[in-house]
Amino acid sequence: MLDTLIIGGGAAGLSCALVLGSGLKKTFARTKSVAIITHQKTSHLQNALFNNVLGLKPGTLGKDLLESGKEQLKLLYPEVLQIEKEKVISILNLDTHFEIITNKDKYTALRVVVAVGYTNLINIKGLERYLEPHPQTATEKNRLWLKNKNNLVAKNLYVAGTLAGGRSQFAIASGSGAQVATDILTLWNNGKHTKIHDKIALDL
């Protein structure tokens with residue numbers, strides 16, 4: 001049984017995985033297990049070009065960022081299981097946990113973070129009742145969101161990125177994933193507001 005399973009390997013999903021991964025060595029998180037299904041085929045980053053994102057070199061390609069993000073996660077936080085070349089078909093809420101079925105396997109998790117795109121092509125069974133027209137896009141684009149309050153769709157079911165209601169900007173999607181990760185870290189830490197920062201050690 002996983003503690004947290006992240007669905008989606010785009011900006012929001014990878015950001016969520018990186019922040020959760022950075023907290024796994026904390027005392028309160030040592031028994032936790034995290035995995036991410038890094039399905040990226042339909043990610044909007046596949047044809048993205050970045051010139052206006054803080055910290056990214058102008059001209060960075062989204063498709064390169066998808067690959068480097070997975071490598072960064074693997075290098076820094078190998079404890080986070082990366083599940084590749086699988087697509088989620090259904091999410092079944094069993095009250096005490098979730099059963100996630102892909103085209104190749106089945107997983108169980110206490111928590112699920114849905115971080116896939118916000119197009120009307122989303123067809124994960126079990127999410128239908130939460131889907132509504134996206135509140136921050138043009139109606140003719142037929143974008144969707146998972147109705148949520150502070151990224152929480154239902155108990156232990158989170159959403160991040162554009163599907164959470166944010167506009168389609170890399171920084172917004174990435175920040176949404178980080179926000180969800182800190183919410184989960186806080187939950188792990190018995191409700192104590194938690195964030196993970198790396199700092200340069202100063203010689204005194």
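**Helix α1, the nonpolar cores and the T38 loop**

For helix α1, which comprises the 13 residues 11–23, a rise of 1.5 Å a residue leads to an expected span of 18 Å, and the end C-alpha atoms lie 19 Å apart, so the two values agree. This geometry, like every other value reported here, refers to a predicted model. Because 13 of the 13 residues of α1 are buried, the helix is largely enclosed by the rest of the structure.

The largest nonpolar core contains 27 residues, and the members that touch the most other members are L5, I91, L127 and L157. Two or more residues are given to this core by each of the strands β1 (2–7), β2 (34–37), β6 (88–93), β7 (98–102), β8 (106–114), β10 (144–146), β11 (152–154) and β12 (157–159), with β8 providing the largest share, namely four residues. When residues up to four places away in sequence are not counted, I91 touches I7, F98, E99, V112, V114, I124, K125, G126 and L127. Another core, of 24 residues, lies apart from the one to which I91 belongs, and its members include L18, L20, A160 and I184.

Outside the strands, T38 is placed in the loop between β2 and β3 (49–50). The relative accessibility of T38 is 4%, which is under the 20% limit, and T38 therefore counts as buried. With neighbours within four places in sequence left aside, the contacts of T38 are made with G9, K70, Q82, I83 and E84.

Methods: Residues are numbered from 1 along each chain as its sequence is written. This is a predicted model: local features need pLDDT of at least 70, side-chain atom pairs count only at pLDDT 80 or more; totals for chains, interfaces and linings use all residues. Side-chain values use heavy atoms; hydrogens and water are left out. A nonpolar core is a set of buried Ala, Val, Leu, Ile, Met, Phe, Trp, Tyr and Cys residues joined through side-chain atoms within 4.5 Å. Buried means under 20% relative accessible area, exposed over 50%, partly exposed in between (1.4 Å probe, protein chains only). Contact means heavy atoms within 4.5 Å. The expected span of a helix is 1.5 Å times one less than its number of residues.
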